[in-house]
Amino acid sequence: MTIVSGFSKLNRAQRIKYLVEHSKLNEDDGIGFGEFDAAGLEDQQVLSDMTENYLGNFPVPMGVVTNLVLNGVIISVPFVTEESSVVAAASKAAKFWASRGGFRAVVLSTIKKGQVHFTWNGKPETISALFPAIREKLILSVTDLTAKMRKRGGGITEIHLLNKTLELTDYYQIDVSFETAEAMGANFINSCLETFASVLRNIPELNSGEQKVEIILSILSNYTPDCRVKCHVECPVEDLAGWNKNLTGKAFAVKFKQAADIANLDASRAVTHNKGIFNGIDAVLVATGNDWRAASSSAHAYASREGRYKSLTWIDSSDQIFRYELELPLAIGTVGGITHIHPGVKRAMAMMNDPDARQLMMIAAASGLASNFSAVASLITTGIQEGHMRMHLTNILSQLNASQAEREYAVSHFQRNAISYAAVGDLIAQIRKEP
Ligand code: MEV
């Protein structure tokens, strides 16, 4: 295979032809790229403009978690996820908590940060002394860029010079805090930082004779510990009896607390526990066109803020009251990016009555807590596989190309029997041998 040039200039059919000629993809696969084209021409144009080297759409199902009571209001939350059991699990927890006070959430702060990383080979005292004047120049340089954001209550809230020369020769940061209102703000932040970089390069007092600013890089930080949301559920311990018929509320609470404590003290368990939180959060972030990679990176760094990876949840389960809490950084938005152009995102937002960014932070956090609560509650009672495999049964049947009649028979059979790949395979083989 030779290196290809100008691929992005090819049209869609030419790109697919190239792949058919240079890979295991066959002609039918190639034609298949059109299978999921949006019905409306305008929607299809939006999707094909969203990426370089566009080939086709790749559908992932959107489900809905109903009955999520958040701060006293019932919301239907769109979840986009490939994992079959995630919507069922979160829905079960949402319904369970709906009659127990629901989820309570609060946004703690909404500040995001970014840095210009640069070297300067002068004396640290000199740049420190010059910095108040430099700060004024920096702020002035982005007056136009920040005008719209300032109108919406956002903008730059702080600018500091950080001396890092003890860690790396001549290394400094301009550390900037931003309020980005309804936007996640990545483009706004990066544009401001790149403007700051060019200002720094051109300040005569820093760039004369041997002295010189060398910009290394300018970028937002996806670590957003000052953009945080907190969410909790709470009920009398005896009310927990409703989750599993074989456990009293007290027994459930004791076991749940043990599980939560283990996630707090053991990194191996904490990662999986936190992944269960992100089953819900990511599903909402994908549905609303938000950057779930940024949210995950930030939350996992936050989980390690004390020097050891821990769970993002906190539990207090005394004799009387069970309280389970989630606190995490979550930098998301409801404008910018693809939020107002992707047809699926528009529907997702409308389904939640068009929340603003702060409301969306709380909805995502509640969805994460619901997903995690359901997972842990299953783990300490029936085990996860029962529910998981029940939801996965349809995938296994699809993989085996089961007919409608075979599906119906299998679903009814596995209401009474344990589900595994092997068991489903055996059953379908048996039906096909003796229909
Ligand atoms: C699976 O997607 C998520 C769980 O592993 C989470 C957990 O273990 O808490 C069930």
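Trainee: How do the residues that line the largest cavity divide into nonpolar, polar and charged?

Mentor: In this predicted model, the lining of the largest cavity has 8 nonpolar, 4 polar and 2 charged residues.

Trainee: What makes this space a cavity, and what is its volume?

Mentor: A cavity is a set of points where a 1.4 Å probe fits but cannot get out. The largest cavity has a volume of about 70 Å³. Among its 14 lining residues, Met184, Ser221, Asn222, Thr224 and Ala331 are closest to the centre. The elements β3 (104-120), β6 (213-221) and α10 (292-303) each supply at least two lining residues, and α10 has the largest share, with 3.

Trainee: Now the ligand. Why do we speak of a polar contact between the ligand and glutamate 83?

Mentor: The cut-off is 3.5 Å between N or O atoms. An oxygen atom of the ligand is 2.6 Å from an N or O atom in the side chain of glutamate 83, so this pair counts as a polar contact. The side chain of arginine 269 has an N or O atom 2.7 Å from a ligand oxygen, and for asparagine 279 the distance is 2.9 Å; these pairs therefore count too.

Trainee: How much of the ligand does the protein bury?

Mentor: Taken alone, the ligand exposes 300 Å², and the protein buries 86% of that.

Trainee: Where does the ligand sit, and what makes us say so?

Mentor: The ligand sits in the second largest pocket. We say so because more than half of its atoms lie within 2 Å of the grid points of that pocket. Two elements, α9 (267-287) and α12 (357-379), give two or more residues each to the shell around the ligand, and α9 gives the most, with 6.

Trainee: Why is the shell around the ligand said to hold 3 nonpolar, 4 polar and 3 charged residues?

Mentor: Go through the names. Ala375, Leu379 and Ile384 are in the shell and count as nonpolar. Glu83, Arg269 and Lys275 count as charged. Thr272, His273, Gly276 and Asn279 fall among the others, so they count as polar.

Trainee: What lines the largest pocket?

Mentor: Its lining has 37 residues, and Phe58, Val60, Val80, Val286 and His342 lie nearest its centre. Residues come in twos or more from α3 (41-48), α9, α10 and α11 (343-351), with the largest share, 8 residues, from α9. By class, the lining has 20 nonpolar, 9 polar and 8 charged residues. About 1200 Å³ of space lies in this pocket.

Key
Residues are numbered from 1 along each chain as its sequence is written. This is a predicted model: local features need pLDDT of at least 70, side-chain atom pairs count only at pLDDT 80 or more; totals for chains, interfaces and linings use all residues. Side-chain values use heavy atoms; hydrogens and water are left out. A residue is near a molecule or strand if one of its heavy atoms lies within 4 Å of it. A polar contact is a pair of N or O atoms within 3.5 Å; within protein, one must be able to donate a hydrogen and the other to accept it, and residues adjacent in sequence count only if both atoms are side-chain atoms. Accessible areas come from the Shrake-Rupley method with a 1.4 Å probe; for residues, only the protein chains shown count as cover. On a 1 Å grid over the protein atoms alone, a cavity is a set of points where a 1.4 Å probe fits but cannot get out, and a pocket is an open set with protein on both sides within 12 Å along at least five of seven lines; lining residues have an atom within 4 Å of a point. Helices (H or I, at least four residues) and strands (E, at least two) are DSSP runs, numbered from the N terminus. Grid points are joined across faces, edges and corners, and a volume is the space filled by probe spheres set on the points.
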